[in-house]
Amino acid sequence: MSDPLRPRASLRTAVVWDVLKDALERRVKAAGRDALDVLDTGGGSGNFAVPVARLGHRVTVVDPSPNALFALERRAAEAGVADRIRGVQGDAHGLFDVVERGGYDAVLCHGVLEYVDDPAEGLANVAGALRPAGTLSLLAAGLGGAVLARALAGHFTEARRALTDPAGRWGEGDPVPRRFTAEQLTELVTATGLQVGAVHGVRVFADLVPGVLVDTEPGALDALLKLEAAAAEQPAFHSVATQLHVLAERD
Ligand SMILES: C[S@@+](CC[C@H](N)C(=O)[O-])C[C@H]1O[C@@H](n2cnc3c(N)ncnc32)[C@H](O)[C@@H]1O
């Protein structure tokens, strides 16, 4: 999903996209169908929904924001996939008011669990939208990455506060309501009855490296992408990643 016009944007999405694309390919083979039914809960303006639709899958995006859904519609039209993307206003808590329970081969929940009122209940609904053997792709803010970022910016008190705060927030001005450790996320997923397949650390270095090093050194972006991909696999780096990705399956 690297964007030649916005190369640095690929640093935010590359690891998740590679894991997700492989998981969708496996699901296609197992299901014996080329086109999967994919639900993107809190899919926003389609950062993942549009590329997933470009693979040929049918994507339903549920999001509470009318502005995001409007932007999604425009992006889907620009990408030529308007016929494969459906935007629906709704939220994770009332998910089955707007989509079918057990109706999807894959469900994405990226950058949403931080914002829902009750993560356990929200995630139970997300998991409940899966068909048997369906795949969950969960991405959420990591606690350790935020602590490290505040400390390296010289905000030591905020870093300590995030470390000790039950929600992992660094202060009143923190725009993120909640962060997770890898253990908390896998426990939440396991509690829904899904089997955790893999955990990846996302943006271990990308947010800490000065932009000038990436933008001006020839080959630096490519080398950093490869480093991120290698570190993502290593449990030792999960505790300092900006985001954590969990892939899970329904029995
Ligand atoms: C950080 S954005 C992530 C968007 C997209 N998933 C992505 O990865 O680019 C968070 C999204 O969650 C949506 N959201 C907030 N509260 C939600 C809820 N209770 N249920 C579902 N989506 C929610 C927001 O409208 C927003 O589009």
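**Charged residues and one helix in a predicted model**

At a relative accessibility of 25%, Arg 131 counts as partly exposed, because that class lies between the buried limit of under 20% and the exposed limit of over 50%. The structure described here is a predicted model, and Arg 131 offers a convenient point of entry to its charged side chains.

Arg 131 forms a salt bridge with Asp 105, and the closest N and O atoms of the two are 3.1 Å apart. This pair links distant parts of the chain: Asp 105 belongs to strand E4, whereas Arg 131 lies in strand E5 (residues 130–141), 26 residues apart. Asp 105 has a relative accessibility of 2% and therefore counts as buried. A partly exposed arginine is thus paired with a buried aspartate.

The structure holds 9 salt bridges in total. Another of them joins the side chains of Arg 179 and Asp 174, with an N to O distance of 2.7 Å. Here Arg 179 is buried, at a relative accessible area of 9%, and Asp 174 is buried as well, at 3%.

The side chains of Arg 203 and Asp 207 also meet in a salt bridge, at 2.8 Å from N to O. Salt bridges with shared partners connect Arg 33, Asp 37, Arg 58, Asp 105 and Arg 131 into one network. In the bridge between Arg 203 and Asp 207, Arg 203 counts as buried because its relative accessibility is 17%, while Asp 207, with a relative accessible area of 40%, is partly exposed.

Attention may now turn to acidic residues at the surface. Asp 91, Asp 97, Asp 117, Asp 118 and Glu 121 form a negative surface patch. One of these residues, Asp 117, is found in the loop between strand E4 (104–110) and helix H5 (119–128). Its relative accessibility is 70%, so Asp 117 counts as exposed. Strand E4, which precedes this loop, is also the strand that contains Asp 105.

Helix H8 (residues 182–191) gives a further view of buried and exposed positions. Its buried residues are Ala 182, Leu 185, Leu 188 and Val 189. These residues lie on the same side of H8, because they cover an arc of only 130° around the axis. The face turned away from this buried side carries the exposed residues Glu 183, Glu 187 and Ala 191.

How values were computed:
Residues numbered from 1 in each chain as written. Predicted model: local features only at pLDDT ≥ 70, side-chain atom pairs only at ≥ 80, totals over all residues. Heavy atoms only, no water. Patch = residues over 30% accessible without salt bridge, like charges linked within 9 Å, V, L, I, M, F, W, Y side chains within 5 Å. Areas by Shrake-Rupley, 256 points an atom, 1.4 Å probe, with all protein chains shown as cover. Salt bridge = Lys/Arg side-chain N within 4 Å of Asp/Glu carboxyl O. Lys, Arg positive; Asp, Glu negative; His and termini not counted. Charge placed at Lys NZ, Arg CZ, Asp CG, Glu CD. Helix = DSSP H or I, 4+ residues; strand = E, 2+ residues; numbered from the N terminus. Buried < 20%, exposed > 50% of the residue type's maximum accessible area, 1.4 Å probe, protein only. Arc of directions from axis to C-beta.
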